[in-house]
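This report goes through the strands, the helices and a few single residues of one protein chain. Please keep the sequence and the model open while reading.

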Amino acid sequence: MRSLHVITGLGVGGAEQQLRLLLRHLPVDSDVVTLTNPGAVADGLTADGVRVTHLGMAGNRDLGALPRLVRLIRRGRYDLVHTHLYRACVYGRLAARLAGVRAIVATEHSLGDTQMEGRRLTAGVRALYLASERLGRSTVAVSPTVAERLRRWGVPAPRIEVVPNGIDLTRFRFDEAQRLRTRQRLGLPEDAYVVGGIGRLTGAKRFDVLIHALAHLPDSCWLLLVGGGPEEHVLRRTAHEAGVADRVLFTGERPYVADGSPGPDLPSLTFAMDLLASPSPEEAFGLAVVEALASGLPVRYASCPAIEDLPSHTAPAAHRVTGDAEAFARALAAARAEGPRPRTAPEAAHHYSITRSAARLMDVYAAAHSSPPSPHGVSSS
């Protein structure tokens, strides 16, 4: 089977990195086309041996991108097209149908109750999404929570498949030596209690809550924010105004240490933490939480369907926090008072193994490839 993955961009983000991880485990000959922004994940895919094409789309209304994408799909003679993220789903499903591809799958990575990928869920956004959704065979939801949101939107239940995001358990297995090295490279005091936050530095992630919570905690508590984004300057200003700038470390998308050399990778940064906090009030999955659990961290979160969709005993060190910065400060202080625990992965982390997710996605591919043509959609003649 030859497949083409169409994605809106390949900068550093959860959906983009999930695609790279999946392609390492799918037994399919796969190419990738990015509509915009061939960033760091594009470099990673190329290093993995995946052919990546940049379509050069100028914006949401660059209709000239559609015939370019149709020609690309026809030339590739793909058996299946898999789209990721809103713009790629809208353009990619239509292009695939026009190119004569019958097997079209889309993954919904980021549908919340009030927003999708940071855009407000207006009637127009919903109408365009549903119109393009009918052109495909099935829509993959990354969690049962997202599947229910799709049903409420109007996507027919039989067209929805749940394939959770996956993680590389081996990569996140705790390593004490890496923890010590990473903390030293970051310049953390030996007695520092490190609260971590992982994700794009955008307003929706609410990392400002953690900065304000830090102001209520002892000086031995630090905040390590892993990721880059448009709100970094705002968060730095917030840290200064809260009087905790000397205890907040920003790694950026590609971590660097004080001497300018490349810094530790994501698992090593996770090992350096003592707890992960996720104050985002609206998530579609919660990948950072699951990766933190895989490294044995306790977690305090505001929203995490990946955990909420499982029985509570599968992640005993993960607890939901409701409220503002003071509520998070109390929760963090209480977790710290409990003392360290063994850094082993709970059952929930094993539930989201990437090999399991890849196998489930292959079942979706097989069904899409063997199903009869849909009565809806666009003729390729």
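What follows describes a predicted model, beginning with its sheets and ending with two individual residues.

**The seven-stranded sheet**

An open sheet of 7 strands runs in the order 3-2-1-4-5-8-9, and its pairing is parallel. Strand 3 (52-54) and strand 9 (160-162) are at the edges; each has a single partner strand, so one side of each is left without a neighbour in the sheet. On average, and ignoring direction, neighbouring strands here are turned by 25° against each other.

The table lists pairings within this sheet, all in the parallel sense.

| Strand pair | Bridges | Residues opposite each other |
|---|---|---|
| Strand 2 and strand 3 | 3 bridges | Thr34 and His54 |
| Strand 1 and strand 2 | 6 bridges | Ser3 and Ser30 |
| Strand 1 and strand 4 | 5 bridges | Val6 and Thr83 |
| Strand 4 and strand 5 | 5 bridges | His84 and Thr107 |

Strand 2 (residues 29-34) has 5 of its 6 residues buried, so the rest of the structure largely encloses this strand. Strand 4 (80-84) is also mostly covered, with 5 of its 5 residues buried. How are the residues of strand 4 divided between its two sides? Leu80, His82 and His84 lie on one side, Val81 and Thr83 on the other, and all of them are buried. In a regular strand, side chains alternate between the two faces of the sheet. Both faces of strand 4 are therefore covered, as the burial of Leu80, His82 and His84 on one side and of Val81 and Thr83 on the other shows.

Helix 3 (residues 65-76) lies across part of this sheet, namely strand 1 (2-7), strand 2, strand 3 and strand 4. The angle between helix 3 and strand 1 is about 160°.

**The six-stranded sheet**

A further open sheet is formed by 6 strands in the order 12-11-10-13-14-15, again with parallel pairing. Its edge strands are strand 12 (248-250) and strand 15 (318-320), each of which pairs on one side only. The average turn between neighbouring strands of this sheet is 20°, direction ignored. Strand 11 (residues 221-226) and strand 12 run parallel and are joined by 3 bridges. Leu225 has Phe250 in strand 12 as its bridge partner.

**Helices**

Does the length of helix 4 fit or depart from the expected span at 1.5 Å a residue? Helix 4 (residues 86-98) has 13 residues, which should span 18 Å; the C-alpha atoms at its ends are 19 Å apart, in agreement with that value. Most of helix 4 is covered, with 11 of its 13 residues buried. Among the buried residues are Tyr86, Cys89, Val90 and Tyr91, and also the arginines Arg87, Arg93 and Arg97. Gly100, just after helix 4, takes a positive phi of about 90°.

Helix 5 (residues 123-133) packs against helix 6 (residues 144-153) at an angle of about 100°, and their axes are 11 Å apart. Angles of 65 to 115 degrees count as roughly perpendicular, and helix 5 and helix 6 are therefore roughly perpendicular to each other. Helix 5 contributes Val125, Arg126, Tyr129 and Leu130 to the contact, and these meet Leu150, Arg152 and Trp153 of helix 6. By type, the residues of this contact are 5 nonpolar, no polar and 2 charged.

**Two buried residues**

Is Glu283 buried or exposed? Its relative accessibility is 13%, so Glu283 counts as buried, the cut-off being under 20%. Glu283 is placed in the loop between strand 13 (275-278) and helix 11 (287-294). Apart from neighbours within four places in sequence, Glu283 is in contact with Arg149, Lys205, Ser303 and Pro305.

Ile307 belongs to helix 12 (residues 305-308). At 8% relative accessibility, Ile307 also counts as buried. Which residues does Ile307 touch, not counting those up to four places away in sequence? They are Val289, Leu293, Tyr301, Ala315, Ala318 and Ala348. From Pro67, Ile307 is 240 residues apart in sequence and 42 Å apart in space, C-alpha to C-alpha.

Notes. Residues numbered from 1 in each chain as written. Predicted model: local features only at pLDDT ≥ 70, side-chain atom pairs only at ≥ 80, totals over all residues. Heavy atoms only, no water. Axes fitted to C-alpha atoms, helices over the stretch in contact; angles between N-to-C directions. Helix = DSSP H or I, 4+ residues; strand = E, 2+ residues; numbered from the N terminus. Parallel < 35°, antiparallel > 145°, perpendicular 65-115°, else oblique. Contact = heavy atoms within 4.5 Å. Nonpolar A, V, L, I, M, F, W, Y, C, P; charged D, E, K, R; others polar. Buried < 20%, exposed > 50% of the residue type's maximum accessible area, 1.4 Å probe, protein only. Pairing = 2+ DSSP bridges. Expected span 1.5 Å × (residues − 1).
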